[in-house]
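This briefing is meant to be read with the structure open beside it. Please look through the picture once before turning to the notes, which go topic by topic.

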Amino acid sequence: RQPYLSPLDVATHFKMPWLFFISRGLVGAGTSSFSTIAPTIIADLFEKDYRTWMLSVFYIFIPVGSGLGYILSSGVARASGFWGWGFRVKSPWFKTVGWSFIGSSLGVTCMGFITGALGFWIPVFLYRAEVVLDIIEPCSKQPCKNYNSEIFGGITIATGILGVVIGAETARRYKKVNTKADPLICAVGLFSSSPCMYLAIMLAEKSIVAAYILIALAVFFLSLNWAIVADILLYVVKPACQSTALSLQIFMSHLLGDAGSPYLIGIIANTIKVHQRDNSTLWDFQSLKYSFVVCIFVGVLGGGCFLMTAVHIEEDSKKAAAPATPLPETPGEEECLPLPTFSTGPV
């Protein structure tokens, strides 16, 4: 295959912000297309316990890809002296839905909100904590020589793999004794990640090592849910509606989750600094620390959404497993989307 320049390459090289944002939107469109189709294909190929495991294999590469992105991009930016080169590292390689779908979709959106905020701001937060602790000197010229992105990327890969595998296996075993196992595990994951995040941001100004350990635990608990939430959708939504439901869930989780959370955290941090009228390095750190508290509340809200899912999941899974009713002569209440009717005419 011949080398090529994508719009993202052109945007970063020629410094055109408008093309950069358009290109990022196109990347999201491409990602959502295979993210919508792939789980339903896996659901068709595997059943029960095997389906959960295969979904875990698919979703395990969410944290792996995110972690590698931090490691490779920061390394390339440091080597080249320009952050834009990091984007040039390429691999060749309703009708009706029940409350379970609504609750799990809101829970996934909360997960997306937290992961988007952490992914964007945690390396910056840890760098500012190191400045406050006098571990490193403030950096006024990019690229700065610190390795927080690489460390956070490595933590994301390791804890992400471990979390997805343990979450899938725990769900497989627990479902044998409790049909509400999947949403309960997701709720535990979010409820457990929230105090870990709180302790991490509060202890960062005292111990960077403690902050890293607690961040690793928070990412681990969040990663418990990735394979499970996809499995929930596949058995609470009728097969004919699954692709539509999955695309809607992905769209909502990005739109209300990771697309806006970094911006919101930044706005809150800037507002705190303006209110304090202090541009010191200490308040650079403190403002970001206090803005992260939003993620704690969102994590608790997401856990509550999964508890709501647990209340309705048995009823909704029975409805989804019920035999499909015959198609009426005119498209009516039973289709996910209107289907065309054809007339053969007189024979």
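For the helix packing below, an axis is a line fitted to the C-alpha atoms of a helix over the stretch in contact, and the angle between two such axes runs from 0 to 180 degrees, taken between their N-to-C directions. The model is a predicted one. Its chain has 13 helices and 0 strands, and 45% of the 347 residues count as buried.

**Helix 7 and its packing partners**

- Two packed helices are described by the angle between their axes and by the distance between the axes.
- Helix 7, which covers residues 181-203, packs against helix 8, which covers residues 208-223, at an angle of about 160 degrees and with the two axes 8 Å apart. Because angles over 145 degrees count as roughly antiparallel, helix 7 is described as roughly antiparallel to helix 8.
- The way in which helix 7 passes helix 8 is a left-handed crossing. On the side of helix 7, the contact is made by Gly189, Leu190, Ser192, Ser193, Cys196, Met197, Leu199, Ala200 and Leu203, while helix 8 contributes Ala211, Leu214, Ile215, Leu217, Ala218, Phe221 and Leu222.
- Sorted by the character of their side chains, the residues in this contact between helix 7 and helix 8 comprise 13 nonpolar, 3 polar and no charged.
- Helix 7 also packs with helix 13 (residues 293-321), where the axes come within 8 Å and cross at roughly 170 degrees. That angle makes helix 7 roughly antiparallel to helix 13, and the residues of this contact divide into 18 nonpolar, 6 polar and no charged.

**The loop after helix 7**

- Ala204 lies in the loop between helix 7 and helix 8, and it counts as buried because its relative accessible area is 0%.
- What does Ala204 touch, once its neighbours within four places in sequence are left aside? Ala204 is in contact with Phe125, Ala129, Leu133, Ala211 and Phe285.
- For one of these partners, Ala129, the separation in sequence is 75 residues, whereas the C-alpha atoms of Ala204 and Ala129 are 6.1 Å apart in space.

**Aromatic pairs**

- The structure holds 5 aromatic pairs. One of them joins Phe125 and Phe285 in a stacked arrangement, with 5.1 Å from centre to centre and 20 degrees between the planes.
- This pair links distant parts of the chain, since Phe125 belongs to helix 5 (residues 99-132) and Phe285 to helix 12 (residues 281-291), and the two are 160 residues apart.
- Are Phe125 and Phe285 buried or exposed? Phe125 has 1% relative accessibility and so counts as buried, and Phe285 is buried as well, with a relative accessible area of 0%.
- Another aromatic pair is formed by Phe220 and Phe221, which meet edge-to-face at 5.3 Å centre to centre with 65 degrees between the planes. Phe220 counts as buried at 16% relative accessibility.
- Ring pairs also link Phe125, Phe285 and Phe292 into a cluster.

**Polar and charged residues in helices 5, 9 and 10**

- Glu130 has its place in helix 5 and is buried, with a relative accessible area of 11%. Not counting residues up to four places away in sequence, Glu130 touches Ile135, Ile136, Asn148 and Ile208.
- Gln249 is found in helix 10, which spans residues 242-258, and is buried, with a relative accessible area of 5%.
- Gln249 touches Phe101, Ser104, Ser105, Val108 and Leu233, again not counting residues up to four places away in sequence. Of these partners, Phe101 is 148 residues from Gln249 in sequence, while the two are 8.6 Å apart in space, C-alpha to C-alpha.
- Helix 9, which covers residues 226-236, is mostly covered, and 11 of its 11 residues are buried. Among the buried residues of helix 9 are Trp226, Asp231, Leu233 and Tyr235.

**A positive phi angle in a loop**

- Most residues other than glycine have a negative phi. Asp134, in contrast, is a residue other than glycine with a positive phi, near 60 degrees.
- Where is Asp134 placed? The place of Asp134 is in the loop between helix 5 and helix 6 (148-174), and at 67% relative accessibility Asp134 counts as exposed.

Key
Residues are numbered from 1 along each chain as its sequence is written. This is a predicted model: local features need pLDDT of at least 70, side-chain atom pairs count only at pLDDT 80 or more; totals for chains, interfaces and linings use all residues. Side-chain values use heavy atoms; hydrogens and water are left out. Helices (H or I, at least four residues) and strands (E, at least two) are DSSP runs, numbered from the N terminus. Angles under 35 degrees count as roughly parallel, over 145 as roughly antiparallel, 65 to 115 as roughly perpendicular and the rest as oblique. A crossing is left-handed if the near helix is turned anticlockwise from the far one by less than a right angle, and right-handed if clockwise. Contact means heavy atoms within 4.5 Å. Ala, Val, Leu, Ile, Met, Phe, Trp, Tyr, Cys and Pro count as nonpolar, Asp, Glu, Lys and Arg as charged, and the others, Gly among them, as polar. Rings of Phe, Tyr and Trp (its six-membered ring) pair if their centres lie within 6.5 Å; planes under 30 degrees apart count as stacked, over 60 as edge-to-face and the rest as tilted. Buried means under 20% relative accessible area, exposed over 50%, partly exposed in between (1.4 Å probe, protein chains only).
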